[in-house]
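Colleague: Please take a close look at one loop of this model, and then set it beside the other local features that can be described. I should like one connected account, with each term defined as it arises.

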Amino acid sequence: RTGPLAGYKAVELGNFLAGPFCGTNLAYFGADVVKVETPGKGDPLRYWRSLAEDGQSPWSRSVSRNKRSITVNLKHADGQEVLRRLINRSDVVVENFRPGVLEKVKLGPQDFEESNPGLVYARISGYGQDGPYKNRPGFASATEAEGGFRFVNGFPGQAPVRPNLSMGDSIAGLTAAYGIVMALLHRQKTGKGQVVDMALYEAMFNMMEGIIPEYTALGLIRQPSGTTVSGIVPTNTYRCKDGKYVVVGANSDQIFKRVMNMIGRPDMADDERYANNAGRVEHQELIDKTIGDWCGSLNLKDVLAKLGEAECPNGPIYDAADMVADPHFQARGMFEDVETVTGVKFQVPALAPRLSETPGNTEWAGPQLGQHTVEVCRELSFTDSEIATMKENKAIGDES
């Protein structure tokens with residue numbers, strides 16, 4: 001393995017997205033991540049959404065890239081021993097069970113304080129490891145709501161809108177990976193591991209910018225604002241003549257003047273009422289209508305070209321096909337080719353950031369369920385006879 005985390009060993013315990021996406025980031029940058037799955041079933045993400053011809057989700061293959069898969073029965077004493085040995089030789093554990101689940105089988109962080117004092121143990125849950133909500137089930141949908149995101153995402157007077165993504169899971173997984181790296185840096189100095197406690201609702205809460213300061217200092221509650229951002233003008237989405245949409249960010253004083261001159265409104269460019277953001281906020285409706293009418297008179301291609309000439313931040317609304325075809329995405333290496341062990345070929349998105357000396361990369365697509373169970377058990381000093389017995393007793397899976 002290559003990358004800045006090469007040489008680190010991580011155990012991934014958990015399903016769906018938050019914990020696995022944390023593991024994805026660790027594996028992409030070089031860590032040896034062993035994904036622990038349920039025998040015969042595996043992570044449900046394997047079978048979610050559209051499936052390839054091998055019956056597996058390409059999304060799951062992307063999330064499980066660069067990982068090894070083993071299947072272990074957490075309810076069986078011998079399965080627990082496999083995990084105990086695996087964790088004792090590892091640097092990191094990532095888990096996203098409800099608080100207390102792993103303590104019941106003596107696989108919680110306190111169970112490794114003596115045997116592996118440098119262990120970094122990342123716990124991802126809906127509401128954290130303590131507090132009155134700790135035992136509540138916490139999918140991204142609910143925690144995005146309680147973390148403040150859903151309230152501001154939508155249109156005034158309408159039901160809050162959910163993006164067609166599990167943002168709470170992904171942001172929590174990414175933030176947990178950040179916490180793990182900080183904990184590993186601390187371990188370099190002290191030799192001590194620690195628990196990284198990542199709550200999904202807190203991951204979303206961290207993204208809420210000035211919402212809390214505005215409320216606690218000024219008593220203001222930011223409201224949903226549709227395609228705009230409250231208190232910043234003009235930044236909006238406009239429909240072009242050909243029915244396509246463009247995002248325009250002309251909200252700095254100088255950019256606004258350039259855009260108004262470019263669209264043939266020098267009167268607005270020089271009007272003192274619009275000279276700063278506060279004045280533009282007062283006249284948002286007129287400004288948005290002016291820009292909207294101009295965008296509506298031209299096709300998207302021409303709108304983008306003219307805004308570019310005016311050095312105004314702008315962009316089209318891209319779908320997957322648009323991104324894959326875009327030369328800038330391609331030049332930046334944002335798509336990586338993979339082929340599964342079953343022969344399915346496709347592309348997965350590269351992960352940011354780009355590191356100049358120790359870049360991450362996709363070395364292989366997500367593995368088959370339990371593909372590495374025997375391999376890992378042998379690394380843990382189980383004999384082939386013991387492995388066969390554990391398979392027979394259903395302590396581990398027999399997929400490999």
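Modeller: P234 is located in the loop between α9 and β7, and the peptide bond that leads into it from V233 is cis, with omega near -5°. Helices (H or I, at least four residues) and strands (E, at least two) are DSSP runs, numbered from the N terminus. The model is a predicted one, in which local features need pLDDT of at least 70 and side-chain atom pairs count only at pLDDT 80 or more, while totals for chains, interfaces and linings use all residues. Residues are numbered from 1 along each chain as its sequence is written, and side-chain values use heavy atoms, with hydrogens and water left out.

The loop that holds P234 also contains R222, which pairs with E209, a residue in the loop between α8 (200-205) and α9 (211-218). The side chains of E209 and R222 form a salt bridge at 3.7 Å, N to O; the term denotes a side-chain nitrogen of Lys or Arg within 4 Å of a carboxyl oxygen of Asp or Glu. This pair connects distant parts of the chain, 13 residues apart. R222 also meets E214 in a salt bridge, here at 2.9 Å. Of these acidic partners, E209 is exposed, with a relative accessible area of 68%, and E214 is partly exposed at 27%. The classes are buried, under 20% relative accessible area, exposed, over 50%, and partly exposed in between, with a 1.4 Å probe and protein chains only.

The whole structure has 27 salt bridges. In one of them, R265 and D267 bring their closest N and O atoms to 2.8 Å; R265 is partly exposed at 30%, as is D267 at 44%. Elsewhere, salt bridges with shared partners join K9, D32, R68, R89, E375 and E379 into one network.

A second cis peptide bond runs from A352 to P353, with omega near 5°. P353 belongs to the loop between β11 and α17 (373-379). Most residues other than glycine have a negative phi, and most peptide bonds are trans. N66, which is not a glycine, has a positive phi of about 65°; N66 sits in the loop between α2 and β3 (67-71) and is buried, with a relative accessible area of 1%. S381 also has a positive phi, near 75°. S381 is found in the loop between α17 and α18 (384-392) and is exposed, at 57%.

The open spaces come next. A pocket is an open set of points on a 1 Å grid over the protein atoms alone, with protein on both sides within 12 Å along at least five of seven lines; a cavity is a set of points where a 1.4 Å probe fits but cannot get out, and lining residues have an atom within 4 Å of a point. Grid points are joined across faces, edges and corners, and a volume is the space filled by probe spheres set on the points.

The largest pocket has a volume of about 1,200 Å³. Among its 27 lining residues, W59, S62, L165, M323 and P349 are the closest to its centre. Elements that give two or more residues to this lining are α1 (18-28), α2 (58-63), α7, α15 (320-325) and β11 (345-349). By class, the lining has 19 nonpolar, 6 polar and 2 charged residues. Here Ala, Val, Leu, Ile, Met, Phe, Trp, Tyr, Cys and Pro count as nonpolar, Asp, Glu, Lys and Arg as charged, and the others, Gly among them, as polar.

The second largest pocket holds about 590 Å³, and D169 is one of the residues nearest its centre. Its lining has 13 nonpolar, 8 polar and 6 charged residues. D169 lies in helix α7 (residues 167-190). D169 is buried yet has no salt bridge, and the nearest side chain of opposite charge, R162, is 6.1 Å away; Lys and Arg count as positive and Asp and Glu as negative, with His and the chain ends not counted. Apart from neighbours within four places in sequence, D169 is in contact (heavy atoms within 4.5 Å) with L17, A18, A140 and L200.

There is 1 cavity of 30 Å³ or more, with a volume of about 40 Å³. Its lining includes K9, I180 and L184, and β1 (9-13) and α7 each supply at least two of the lining residues.
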